[in-house]
Amino acid sequence: MPDRPNAHLVARMQGHRLSIFAEMSTLAVETGAINLGQGFPDTDGPAEVTAAAIQAIRDGFNQYPPDRGIPELRRAVADHQARFYGQQVDPGDVMVSTGASEAIGAAIMALVEPGQEVVVFEPYFDLYAAVIELAGGVRRAVTLRTPDYSFDLDELEAVINPSTRLILVNTPHNPTGKVFSEAELAAIARLAITHDLLVVTDEVYEHMTYDGTRHIPLATLPGMAERTVTISSGGKSFGLTGWKVGWAHGPTELVNAVHTVKQHLSFTSGAPFQRAMVTALNLGDGYFTGLADDLCAKRDLVADGLRSVGLHVLPAQGTYYVTADVAPLGYDDGMDFCRDLPGRCGVVAIPNRVFYDDESSGRSIVRFAYCKQFEVLHEAVERLSRLTA
Ligand SMILES: *Cc1c(COP(=O)(O)O)cnc(C)c1O
């Protein structure tokens with residue numbers, strides 16, 4: 001996709017002009033390829049949830065909701081944390097946002113002074129880099145290394161210095177599909193406590209873990225509740241990515257800080273969707289186990305397909321994504337592979353190299369999203385088999 005003329009953009013955003021998701025989704029539309037690039041489902045969320053939104057509009061919930069979100073949703077988020085994680089959250093310490101994205105942006109802008117450092121794990125969700133830069137912060141990346149996407153604790157410890165303000169942790173992790181283990185989270189917690197750092201977590205894939213792994217909110221580890229802002233949203237959990245209802249919670253003073261910025265960004269949003277999200281968060285356990293079972297089967301389908309054409313599939317225990325090394329097909333650059341893929345077989349994927357500061361680490365790794373209907377995935381796997389023809 002050609003870059004658009006953009007000379008007036010502030011210098012610190014010049015490096016963030018192109019979103020790989022926009023580029024690859026445009027390529028998918030132009031070529032008619034199956035889009036396994038951007039992570040959005042191709043079906044609607046639960047019928048009772050979409051019906052609740054329609055009902056809320058009919059019932060007249062169409063004006064500005066309260067700036068921290070409607071009380072029913074703040075209570076539902078607190079109940080959800082107690083139900084799934086045994087975590088005690090005061091509904092007064094829950095803030096509703098325009099998707100997790102806004103909460104992440106507001107948290108970084110509220111908590112990081114210009115020049116302070118933010119530790120992220122790479123490959124990282126591209127929004128992190130942009131909002132850290134907007135805040136005037138400095139990104140310090142610790143690499144999740146193949147073959148298992150583990151990180152080196154010494155490397156993490158080495159990037160922490162007196163300018164470090166916070167650690168941003170995304171688990172289950174996009175783009176790798178990694179679910180951070182309890183031992184890894186405990187190690188991060190120990191460093192955060194020792195160096196008195198804040199932590200912001202992005203847990204939007206919290207209900208998508210497979211193979212017996214489970215999601216552990218970092219805030220539930222000893223000593224972490226008082227220093228952690230926990231962020232999630234309903235977009236991924238309920239297959240409603242277009243609704244953009246998110247939330248953040250944590251200790252009162254941290255949430256107050258995040259809210260101070262948030263109120264000057266969107267102030268508030270999505271009154272009828274906030275109401276419907278109460279219905280969503282209170283769905284029975286069957287919904288949540290069904291979601292994970294469905295996505296796990298889809299991961300297996302796509303991973304097997306990738307393996308059968310000779311790609312080296314990397315482990316993924318969560319999220320919507322599986323990654324693979326395309327070097328066995330003769331590509332040392334995943335970007336070249338992704339640009340060729342629609343023409344070669346009618347599929348779009350995302351090159352992970354754009355999510356690294358150290359591009360050499362993820363140069364030949366490509367991400368495939370499998371949050372699509374089975375027949376679409378079967379067709380995609382069929383098309384991918386042309387790679388070996
Ligand atoms: C999709 C996604 C988000 C954005 O969530 P919204 O609720 O749509 O704003 C945030 N973080 C990660 C890692 C994501 O994949």
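**Figure 1. Helix α5 contributes 3 residues to the shell around the ligand, the most of any element.** The model shown here, as in the other panels, is predicted. The ligand is surrounded by Gly99, Ala100, Ser101, Phe125, Asn170, Asn174, Asp202, Val204, Tyr205, Ser233, Lys236 and Lys244. Sorted by class, this shell has 5 polar, 4 nonpolar and 3 charged residues. The space that the ligand takes is the largest pocket.

**Figure 2. Side chains of Asn174, Tyr205 and Lys244 approach oxygen atoms of the ligand.** For Tyr205, an N or O atom of the side chain is 2.6 Å from a ligand oxygen. The corresponding distance for Lys244, from a side-chain N or O atom to an oxygen atom of the ligand, is 2.7 Å. A polar atom in the side chain of Asn174 lies 2.9 Å from a ligand oxygen. On its own the ligand has 390 Å² of accessible area, and the protein covers 93% of it.

**Figure 3. The largest pocket holds about 580 Å³ of space.** Its lining consists of 25 residues. Those nearest the pocket centre are Gln38, Ser101, Phe125, Lys236 and Lys244. Elements giving two or more residues to this lining are α5 (99–111), α6 (126–134) and α9 (234–237). Helix α5 has the largest share, with 4 residues. The lining divides by class into 11 nonpolar, 9 polar and 5 charged residues. Ser101, Phe125, Lys236 and Lys244 are also among the residues around the ligand.

**Figure 4. The second largest pocket has a volume of about 440 Å³.** Of the 20 residues that line this pocket, Gly15, His16, Leu18, Asp126 and Val354 lie nearest its centre. At least two lining residues come from each of α2 (20–31) and α6. The largest share, 5 residues, is supplied by α6. Helix α6 also gives two or more residues to the lining of the largest pocket. In the second largest pocket the lining has 10 nonpolar, 7 charged and 3 polar residues.

**Figure 5. The structure has 1 cavity of 30 Å³ or more.** Rolling a probe the size of a water molecule over the atoms shows where empty space is left. The largest cavity contains about 40 Å³ of space. Val120, Phe121, Tyr124, Tyr128, Leu168, Val169, Asn170 and His173 form its lining. Strands β3 (117–122) and β5 (164–170) each provide at least two of the lining residues. Strand β5 gives the most, with 3 residues. By class the cavity lining has 6 nonpolar and 2 polar residues, with no charged residue. One of the residues of this lining, Asn170, is also found around the ligand.

**Figure 6. Two cis peptide bonds precede Pro172 and Pro175.** Thr171 is joined to Pro172 by a cis bond with omega near -15 degrees. Pro172 is placed in the loop between β5 and α8 (182–194). The bond from Asn174 to Pro175 is also cis, with an omega of about 15 degrees. Pro175, too, is in the loop between β5 and α8. Asn174 is among the residues around the ligand, and a polar atom of its side chain lies 2.9 Å from a ligand oxygen atom. His173 is one of the residues that line the largest cavity.

**Figure 7. Asp196 has a positive phi value, near 50 degrees.** This residue is not a glycine. Asp196 belongs to the loop between α8 and β6 (198–202).

How values were computed. Residues are numbered from 1 along each chain as its sequence is written. This is a predicted model: local features need pLDDT of at least 70, side-chain atom pairs count only at pLDDT 80 or more; totals for chains, interfaces and linings use all residues. Side-chain values use heavy atoms; hydrogens and water are left out. On a 1 Å grid over the protein atoms alone, a cavity is a set of points where a 1.4 Å probe fits but cannot get out, and a pocket is an open set with protein on both sides within 12 Å along at least five of seven lines; lining residues have an atom within 4 Å of a point. Grid points are joined across faces, edges and corners, and a volume is the space filled by probe spheres set on the points. Ala, Val, Leu, Ile, Met, Phe, Trp, Tyr, Cys and Pro count as nonpolar, Asp, Glu, Lys and Arg as charged, and the others, Gly among them, as polar. A residue is near a molecule or strand if one of its heavy atoms lies within 4 Å of it. A polar contact is a pair of N or O atoms within 3.5 Å; within protein, one must be able to donate a hydrogen and the other to accept it, and residues adjacent in sequence count only if both atoms are side-chain atoms. Accessible areas come from the Shrake-Rupley method with a 1.4 Å probe; for residues, only the protein chains shown count as cover. A molecule sits in a cavity or pocket if more than half of its atoms lie within 2 Å of its grid points.
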